[in-house]
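Reader: I am new to looking at structures like this one, and I would like to follow a single part slowly rather than tour the whole. Please begin from one residue and work outwards from there.

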Amino acid sequence: MNCKNCANSLQTDYSFCPDCGAKVIRNRLTIKNLLSDITERYFNLDNTFLRTFLHLFTKPDIVINGYVNGTRRKYVNPISYFGIALMLAGFLMFFMRKVFDFEMDFDAFDQGMNPEFTKKMTDVLYDYSSLFFISYIPVFLIVGLITLNKRKHILAEYTISVIYSLAQWSILSFFTSMLVISSFPQYYSDYSLLLTLFLILYFIYVQQKLNKYSAWQITYKSVLFIGILSTIFIGTVTFIMIVAMVTGHFNPADFVPAK
């Protein structure tokens, strides 16, 4: 008998391959063992997913530096973890759009925003949410390398910390967003602002764990990071609005406040 994953020769009484560690599968795939595999893989207290999720809160430096230095089996690798985050983000958009028929409120400060603008922006966010999320990677990567990289990680190494941080935030926000939308939808706009603030603070927390800055250093570097990030965000939103108007997706009347 051979391992189906690495083709290593196995004894008939083996439950796991001694070469690659894969579980030996002897039975045909059924709904029962499919559900059992999913439960074991993602919800077992000893599995790598839950360990990765918990340790990215308590000791993110161990997770990230471990992967950079070659520890690849103890935690979910960053690409797979980001893939899980994207999947959950897609589920969230589906539930918001199809199940709860949720229309986002962009008028968080009660400025009388035009309903037509709100509807169009909601459609844009639903349609391109995954693309927007992926675009966070180069933005946080560039700004982080400039402001929060005392250890002088090279581009590939720093990318690992960015991907893990964004994925962790997205996975957590899936569960909290589902709770807010299903129970307190009227507060979702305020909650989304807090969620954005949490992303920034969590990323700074991860970088502090990695770089061990002094209190003064992390304070001024955080201010610099937030300043540059805010500038890029405002510039990007302005650019998107201009492109949307040029291409006819928006028109000047959409920006006129409702009477």
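**From one residue to the core**

Author: At 6% relative accessibility, S173 counts as buried (under 20% relative accessible area, with over 50% being exposed and partly exposed in between, for a 1.4 Å probe and protein chains only). The model is predicted, so local features need pLDDT of at least 70 and side-chain atom pairs pLDDT 80 or more, whereas totals for chains, interfaces and linings use all residues. Residues are numbered from 1 along each chain as its sequence is written, and side-chain values use heavy atoms, leaving out hydrogens and water.

S173 belongs to helix α6 (a DSSP run of H or I with at least four residues, numbered from the N terminus). If its neighbours within four places in sequence are set aside, S173 is in contact with Y191 and L195, where contact means heavy atoms within 4.5 Å.

Helix α6, which spans residues 155–183, also matters for the largest nonpolar core, to which α6 gives the most, with 13 residues. That core has 49 residues, and Y81, Y164 and F225 have the most contacts inside it (such a core joins buried Ala, Val, Leu, Ile, Met, Phe, Trp, Tyr and Cys residues through side-chain atoms within 4.5 Å). At least two core residues come from each of α2, α3, α4, α5, α6, α7 and α8.

Y164, again leaving aside neighbours within four places in sequence, is in contact with T52, L56, V63, I64, Y67, Y75, V76, N77, P78 and Y81, and Y81 is itself among the residues with the most contacts inside the core.
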